[in-house]
Amino acid sequence: MRIGVGTKNPAKINALRQLIQEQFIDADIHSFDVPSGISAMPMSDLETRQGAVNRAKAVLERDETIDLGVGMEGGVSDIEGELYLCNWAAVADRSGHVISAGGARILLPDILADGVRAGHELGDLADDYAHEQSVHTRGGTIGILTEGRVTRTEMFLHILKLIEGMYAHQKGKADDEL
Ligand SMILES: O=P(O)(O)OP(=O)(O)OP(=O)(O)OC[C@H]1O[C@@H](n2cnc3c(O)ncnc32)[C@H](O)[C@@H]1O
Ligand SMILES: [Mg+2]
């Protein structure tokens with residue numbers, strides 16, 4: 001099987017690599033720089049999920065040899081005036097079937113939330129906050145805010161496990177009906 005992932009960000013690609021290893025999936029991974037079709041800094045769960053779905057579908061359009069497209073997107077979600085980091089992933093196949101799932105939410109400190117509301121991208125704000133470079137390609141904001149206990153890769157791995165499990169569950173149900 002050929003799986004395409006809609007990103008060049010190693011923090012995301014590594015999550016897919018780990019899933020394939022852990023679940024003994026016989027697949028090669030190909031990465032594509034595809035548009036998310038939403039704003040650079042998604043401001044809701046709805047928009048963040050849409051980015052993940054758009055990326056998964058865009059991968060299938062980009063390369064006709066790919067069997068499954070995977071999209072992962074990070075954003076923020078406002079709950080009663082507080083901003084939480086949120087993350088979504090989606091998988092799309094050639095039959096038009098799409099499965100999406102969301103991950104953990106973590107409250108952003110005011111300094112990051114205010115910066116996002118002022119129109120800055122979280123990736124840039126997280127670099128300043130942590131005095132590091134390219135946080136978004138490594139442990140991510142979640143890694144900074146949890147002292148590395150949960151990294152961006154682990155967080156996306158968790159979501160990809162949910163989706164892979166749902167895919168297996170739905171396939172099992174469909175086979176039962178045959
Ligand atoms: O190359 P891509 O795949 O686009 O990866 P990205 O790091 O830009 O990540 P997203 O586009 O999914 O995230 C949308 C924006 O939110 C920011 N972001 C989301 N989650 C983040 C995290 O955990 N750490 C740092 N920045 C994050 C990031 O800066 C982006 O500008
Ligand atoms: Mg991006």
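**Overall fold and the α3–α4 packing**

The protein has an average pLDDT of 96, and 100% of its residues score at least 70. The structure is a predicted model, with an ipTM of 0.96 and a pTM of 0.96.

The protein contains 6 helices and 6 strands. Read from the N terminus, these elements follow the order β-α-β-α-β-β-β-β-α-α-α-α. The C-alpha trace extends over about 55 × 30 × 30 Å along its principal axes. For the 178 residues present, a radius of gyration near 16 Å would be expected of a compact globule, and the value of 16 Å computed for the protein therefore agrees with that expectation.

According to the unreviewed UniProt entry, residues 6-158 are covered by the annotation "domain: Non-canonical purine NTP phosphatase/PRRC1". Within this span, helix accounts for 40% and strand for 23%. The C-alpha atoms at the two ends of residues 6-158 are 18 Å apart.

One helix pair was examined in detail. Helix α3, formed by residues 110-117, packs with helix α4, formed by residues 122-130, at an angle of about 145 degrees. The axes of α3 and α4 are 9 Å apart, and the crossing of the two helices is right-handed. On the α3 side, the contact is made by Ile111, Leu112, Gly115 and Val116; α4 contributes Leu122, Leu125, Ala126 and Tyr129. Classified by residue type, the contact of α3 with α4 comprises 7 nonpolar residues and 1 polar residue, with no charged residues. The polar member is Gly115 of α3, since glycine is counted in the polar class.

How values were computed: Residues numbered from 1 in each chain as written. Chains lettered and ligands numbered in written order. Predicted model: local features only at pLDDT ≥ 70, side-chain atom pairs only at ≥ 80, totals over all residues. UniProt positions renumbered as here; feature names shortened; annotations may be inferred. Helix = DSSP H or I, 4+ residues; strand = E, 2+ residues; numbered from the N terminus. pLDDT = per-residue confidence, 0-100. Axes fitted to C-alpha atoms, helices over the stretch in contact; angles between N-to-C directions. Left-handed = near helix turned anticlockwise from the far one by under 90°. Contact = placed C-beta atoms within 7 Å. Rg over C-alpha atoms; globule rule 2.2 N^0.38 Å.
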